[in-house]
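Q: I would like a close look at one part of this model, beginning with the ligand and then moving on to a sheet and the helices beside it. Please take it step by step.

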Amino acid sequence: MGLGEEAQRLMERRNRAIPRGVSHATPVFASRAEGVYIWDVEGRRYIDFAGGIGVQNLGHRPRFVLEAVQAQLDRFIHTSFNVAPYELYIELAEKLARLVPGSFAKKTLLVNSGAEAVENAIKIARSYTKRPAIVAFTYGFHGRTLLTMTLTGKTRPYRAGFGPMAPEIYHIPYPYPYRDPLGADPRFGALAAERLYELFDTEVPADQVAAVIVEPVAGEGGFIVPPPDFLPRLREITQEHNILLIADEIQTGFGRTGTLFAVEHSRVVPDLMVLAKSLAAGFPLSAVVGRAEVMDAPQVGGLGGTYAGNPVAVAAALSVVDHFVEHPEVLERARRLGEVVNARFHEFAARYDIVGEARGLGPMAALELVESKASKRPSTVHADLVAQYAYEHGLILMRAGMANHVIRTLMPIIMTEEVANEALGILEDALRYARDEARG
Ligand SMILES: Cc1ncc(COP(=O)(O)O)c(C=O)c1O
């Protein structure tokens with residue numbers, strides 16, 4: 001099934017008007033979306049396993065978000081919090097401070113995108129510690145701005161050709177159990193965190209490091225779930241050296257892993273947390289939430305932005321946050337969905353030689369596609385075929401990983417088991433198709 005006529009026309013216009021650097025996971029041109037479905041311009045319906053890159057955890061256009069947004073549109077759209085502040089921003093700051101782990105006093109900064117939140121977290125950490133260096137991880141993804149691409153540990157497509165990078169950023173390896181020769185060692189997670197000591201000895205002394213930034217599950221890097229002792233050991237070492245720990249929960253937050261935030265699985269309490277994506281159900285909004293004394297370090301006027309904390313986006317976010325608080329069953333359902341998806345993914349791994357590994361934390365699940373289990377060589381070819389077959393049969397999928405060879409699930413966590421099973425059926429057909437097609 002090729003592109004429909006309307007999609008063909010749009011694709012030609014898109015190619016003339018928009019730079020090729022802006023990519024899309026599928027050629028499905030959206031005309032509307034509702035709940036767990038997207039319809040294209042030809043009227044075809046798709047199950048959405050991408051959620052606009054993990055933004056629609058509560059589904060497309062939930063009623064409570066539409067009502068909150070409409071009510072705010074009727075009041076005012078924008079005054080800029082830097083000019084005429086408003087209560088909504090304060091209310092969201094208070095609520096996020098209550099929800100983010102940590103029994104200490106917290107404050108919240110609102111900005112627009114994930115990358116902007118990460119940039120601000122780094123500014124705040126440097127301002128508080130008066131230290132320049134930041135440690136990040138290979139396989140990490142933190143955004144596309146100069147500083148956040150420098151933090152990112154994936155050269156293609158995010159860094160190549162865009163240098164020079166920002167100074168004082170150091171990387172150590174993210175624990176990748178499937179690919180690391182030490183992956184089966186029961187102390188693998190702790191050993192990975194202890195790479196910090198080596199970095200302090202060889203590249204940058206600990207007393208020059210302001211913060212370590214880490215994704216609790218590496219998203220864009222391939223949905224890599226670190227061993228359970230990794231984050232706790234990282235927390236211990238950072239505390240030992242008065243280094244701030246920044247958890248990037250932009251992709252893992254708001255139920256993606258079956259808990260509100262992924263750090264809850266390991267009970268690690270970061271000093272700062274960055275949030276975006278499903279925070280505001282599709283409106284551009286992000287947040288830095290953290291220790292009050294750290295958040296207060298930058299001078300007056302050092303933080304903010306024209307649109308930062310836009311009232312319409314904040315109204316949407318408040319309705320999202322309230323929904324999670326008032327409906328704890330949403331997270332229970334997310335965990336159940338995670339069980340269904342992971343069980344099926346493990347069956348795929350047992351059944352198909354092109355599935356090197358199935359892994360996941362709650363409904364944040366992945367299939368790492370390889371040429372064969374024996375070779376473990378990443379297979380972009382199989383991933384291309386799976387993704388294409390899937391959208392041609394009504395399922396929108398996203399990929400991740402260094403070779404774009406990992407199939408990842410970012411479906412709304414409100415998806416019923418029935419719809420999830422329908423999607424998983426399409427995915428299994430896609431795996432079989434990819435295996436047979438690649439064999440020739
Ligand atoms: C973990 C993580 N950090 C940061 C970002 C950057 O967010 P944005 O694209 O909103 O700038 C992303 C986006 O995918 C992400 O997954």
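How many residues surround the ligand, and which are the closest?

A: This is a predicted model, and in it 15 residues surround the ligand, the closest being Gly114, Ala115, Gly143, Ile250 and Gln251. Helix α5, which covers residues 114-129, gives the most to this shell, with three residues. By character, the shell around the ligand divides into six nonpolar, six polar and three charged residues.

Turning to the sheet, four strands form an open arrangement in the order β11-β12-β15-β14, with antiparallel pairing. Its edge strands are β11 (355-361) and β14, each of which pairs on one side only, and the twist from one strand to the next averages 25°. Between β14 and β15 the antiparallel pairing runs over three bridges, and within this part of the sheet Ala400 stands opposite Val406 in β15. Helix α13 packs on the sheet, where it touches β12, β14 and β15, and its direction makes about 130° with that of β12. Another helix, α12 (residues 329-351), lies across β11 and β12 and runs at about 165° to β11.

Helix α13 deserves a longer description. Its 13 residues (380-392) should span 18 Å at 1.5 Å a residue, and its end C-alpha atoms are indeed 18 Å apart, so the expected and the computed spans agree. The buried residues of α13 are His382, Ala383, Leu385, Val386, Ala387, Tyr389, Ala390 and Tyr391. As general background, an α-helix has 3.6 residues a turn, so residues three or four places apart point the same way. What covers the buried residues of α13 includes the strands β3 (45-48), β12 (364-369), β13 (395-396), β14 (398-400) and β15 (406-408), together with the helix α14 (417-439). After α13 comes Gly394, whose phi is positive, near 90°.

A last residue to consider is Pro232, which has its place in helix α9 (residues 230-240). Pro232 counts as partly exposed because 15 other C-beta atoms lie within 10 Å, whereas a buried residue would need 20 or more. Leaving aside residues up to four places away in sequence, Pro232 touches Ser266 and Val268. The C-alpha atoms of Pro232 and Val263 are separated by 9.6 Å, although these two residues stand 31 residues apart along the chain.

Note on methods:
Residues are numbered from 1 along each chain as its sequence is written. This is a predicted model: local features need pLDDT of at least 70, side-chain atom pairs count only at pLDDT 80 or more; totals for chains, interfaces and linings use all residues. Helices (H or I, at least four residues) and strands (E, at least two) are DSSP runs, numbered from the N terminus. A residue is buried if 20 or more other C-beta atoms lie within 10 Å of its own, exposed if 12 or fewer, and partly exposed in between; C-beta atoms are placed from the backbone. Two residues are in contact if their C-beta atoms, placed from the backbone, lie within 7 Å. The expected span of a helix is 1.5 Å times one less than its number of residues. A residue is near a molecule or strand if its C-beta atom, placed from the backbone, lies within 6 Å of it. Ala, Val, Leu, Ile, Met, Phe, Trp, Tyr, Cys and Pro count as nonpolar, Asp, Glu, Lys and Arg as charged, and the others, Gly among them, as polar. Two strands pair if DSSP finds at least two bridges between them. Axes are lines fitted to C-alpha atoms, for helices over the stretch in contact, and angles run from 0 to 180 degrees between N-to-C directions.
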